[in-house]
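Biologist: Thanks for sitting down with me. Could you walk me through this model?

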Amino acid sequence: MAQANIEASRRVIEEAFNKGNLDVFDEVCADGFVDHDPLMGDQDVEGVKRSIAGYREAFPDLTLTIEDVMACDDKVVMRWRGEGTFQNEFMGLQPTGEKGDPVQGIGIDRFDDDGKVVESWGQWDTLTLLRNIGAIPSEAPAPAS
């Protein structure tokens with residue numbers, strides 16, 4: 001079962017984030033699914049689809065690369081790196097046309113006995129994303145003397 005769960009988690013990265021096939025969530029997620037995200041907060045399947053569509057609109061060449069995968073019991077953990085060029089408005093900010101630094105993240109998916117994702121937790125480098133889109137300065141201010 002661990003391998004099937006890994007493949008379901010991998011499909012979310014490869015099909016939804018990288019190709020824009022958001023219907024994959026309907027296939028791999030259970031009813032009542034909840035995604036816990038540090039930037040967007042808790043979301044259901046439809047909320048996650050809207051968020052990913054927003055990222056893909058702002059960063060049309062968005063690519064997430066899976067760096068590591070681990071599975072244990074009912075959980076799959078993936079460490080990933082994301083890159084994309086800021087080409088359309090995002091969070092009210094105008095695009096820079098810049099690729100920026102890669103964003104790193106870790107996701108944990110919990111599966112039910114039917115092999116469906118019931119809950120996901122994401123911890124990712126929102127600071128780098130916010131710097132990449134110009135929401136905060138790219139360098140920390142010098143300390144006051």
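Biologist: Let's start with a pairing: which residue is the bridge partner of Asp 35 in strand 6?

Modeller: First, a word on the source: this is a predicted model, in which local features need pLDDT of at least 70, side-chain atom pairs count only at pLDDT 80 or more, and totals for chains, interfaces and linings use all residues. Residues are numbered from 1 along each chain as its sequence is written, and side-chain values use heavy atoms, with hydrogens and water left out. Strand 1 (residues 29-37) and strand 6 (residues 117-124) run parallel and are joined by four bridges; two strands pair if DSSP finds at least two bridges between them. The strand 6 partner of Asp 35 is Ser 120.

Biologist: What is the mean pLDDT of the protein chain?

Modeller: pLDDT is the predictor's confidence in each residue, from 0 to 100. Among the elements, strand 4 (residues 75-83) has the highest mean, 98, and helix 4 (residues 126-132) the lowest, 90; helices (H or I, at least four residues) and strands (E, at least two) are DSSP runs, numbered from the N terminus. In the protein chain, 97% of residues reach 70 or more, and the mean pLDDT is 94.

Biologist: Which residue in strand 2 stands opposite Asp 35?

Modeller: Strand 1 pairs with strand 2 (residues 41-43) in the antiparallel sense, over three bridges. The two strands form a hairpin with three residues between them. Opposite Asp 35 in strand 2 stands Gln 43.

Biologist: Is Asp 42 buried or exposed?

Modeller: Asp 42 sits in strand 2. Buried means under 20% relative accessible area, exposed over 50%, and partly exposed in between (1.4 Å probe, protein chains only). Because its relative accessibility is 56%, Asp 42 counts as exposed.

Biologist: With which side chain does the side chain of Asp 42 make a polar contact?

Modeller: Leaving aside neighbours within four places in sequence, Asp 42 is in contact (heavy atoms within 4.5 Å) with Val 34, Asp 35 and His 36. A polar contact is a pair of N or O atoms within 3.5 Å; within protein, one must be able to donate a hydrogen and the other to accept it, and residues adjacent in sequence count only if both atoms are side-chain atoms. At 2.7 Å, the polar partner of the Asp 42 side chain is that of His 36.

Biologist: And Glu 119, is that residue buried or exposed?

Modeller: Glu 119 belongs to strand 6, and a polar contact of 2.7 Å joins its side chain to that of His 36. Not counting residues up to four places away in sequence, Glu 119 touches Phe 33, Val 34, His 36, Ile 108, Asp 109 and Arg 110. Its relative accessible area is 18%, so Glu 119 is buried.

Biologist: Which residues make up the uncovered face of strand 5?

Modeller: In a regular strand the side chains alternate between the two faces of the sheet. The covered face of strand 5 (103-111) holds Val 103, Gly 105, Gly 107, Asp 109 and Phe 111. The uncovered face is made of Gln 104, Ile 106, Ile 108 and Arg 110.

Biologist: Which residue in strand 6 stands opposite Phe 111?

Modeller: Strand 5 and strand 6 run antiparallel, with seven bridges joining them. They form a hairpin with five residues between them, and Gly 115 in the turn has a positive phi of about 80°. The residue opposite Phe 111 is Val 117.

Biologist: Is Asp 113 buried or exposed?

Modeller: Asp 113 is found in the loop between strand 5 and strand 6. Asp 113 and Ala 8 are 105 residues apart in sequence, and their C-alpha atoms are 14 Å apart in space. Because its relative accessibility is 74%, Asp 113 counts as exposed.

Biologist: What volume does the largest cavity have?

Modeller: On a 1 Å grid over the protein atoms alone, a cavity is a set of points where a 1.4 Å probe fits but cannot get out. Grid points are joined across faces, edges and corners, and a volume is the space filled by probe spheres set on the points. The count comes to one cavity of 30 Å³ or more, and the volume of the largest is about 670 Å³.

Biologist: Which residues lining the largest cavity are the closest to its centre?

Modeller: Lining residues have an atom within 4 Å of a point. Of the 39 that line the largest cavity, the closest to its centre are Phe 17, Asp 37, Leu 64, Trp 80 and Trp 124.

Technical notes
1 Å grid on protein atoms, 1.4 Å probe; cavity = no way out; pocket = protein on both sides within 12 Å on 5 of 7 lines; lining within 4 Å.
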